[in-house]
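Here is a short exchange between a student and a tutor about one model. Please look at the sequence and the structure first.

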Amino acid sequence: MNKIEGIISKIESSGNISLIHIDVEKDTFYSIIINIEEYIQIGKKITLLFKETELIVAKNISQEISISNKFMVNVEKIEKDNIISKLYLEYKKQILVSLLITKDLEKLDLKEGESIIAFLKASEIILMEQD
């Protein structure tokens with residue numbers, strides 16, 4: 001499970017659905033949650049959790065897409081296997097992992113040290129209270 005730490009900067013709600021804005025240094029991440037928990041408060045430190053299979057990567061994107069969370073990462077390490085490959089990506093001095101189909105990885109022709117774009121749907125982020 002990938003983890004990023006941030007601070008809640010804004011909460012937008014409509015009925016029992018809320019869009020949470022989380023600042024991670026100069027980037028803002030968005031998470032959609034149902035039934036807001038007591039620990040979800042503006043100014044509160046929070047941990048964003050998301051699966052390795054939910055972190056999507058791309059390079060040379062020329063059009064807008066409907067994913068709110070877009071951020072630059074550096075490819076630190078590539079582990080290729082026959083079917084599934086693993087990318088180790090550096091973001092804000094921490095390592096995130098992305099699992100993808102090896103054929104898709106080969107289409108990207110990624111190199112270690114290269115900067116690429118990572119995408120994460122707001123609905124795929126779990127928020128965890130920090131101690």
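**Strands and side chains**

Tutor: His21 lies in strand S2 (residues 17-24); strands (E, at least two residues) are DSSP runs, numbered from the N terminus. The model is predicted: local features need pLDDT of at least 70, side-chain atom pairs count only at pLDDT 80 or more, and totals for chains, interfaces and linings use all residues. Residues are numbered from 1 along each chain as its sequence is written, and side-chain values use heavy atoms, with hydrogens and water left out.

Student: Is His21 buried or exposed?

Tutor: Buried means under 20% relative accessible area, exposed over 50%, and partly exposed in between (1.4 Å probe, protein chains only). The relative accessible area of His21 is 10%, so His21 is buried.

Student: Is Ile32 buried, exposed or partly exposed?

Tutor: Ile32 has its place in strand S3 (residues 27-34). Its relative accessible area is 41%, so Ile32 is partly exposed.

Student: What is the order of the strands in the open sheet of 5 strands?

Tutor: The pairing in this sheet is antiparallel; two strands pair if DSSP finds at least two bridges between them. The edge strands, each pairing on one side only, are S5 (56-58) and S8 (94-101). The order is S5-S9-S6-S7-S8.

Student: Which residue in S9 stands opposite Ala58?

Tutor: S5 pairs with strand S9 (residues 115-120) in the antiparallel sense, over 3 bridges. Opposite Ala58, in S9, stands Ile117.

Technical notes
Helices (H or I, at least four residues) and strands (E, at least two) are DSSP runs, numbered from the N terminus.
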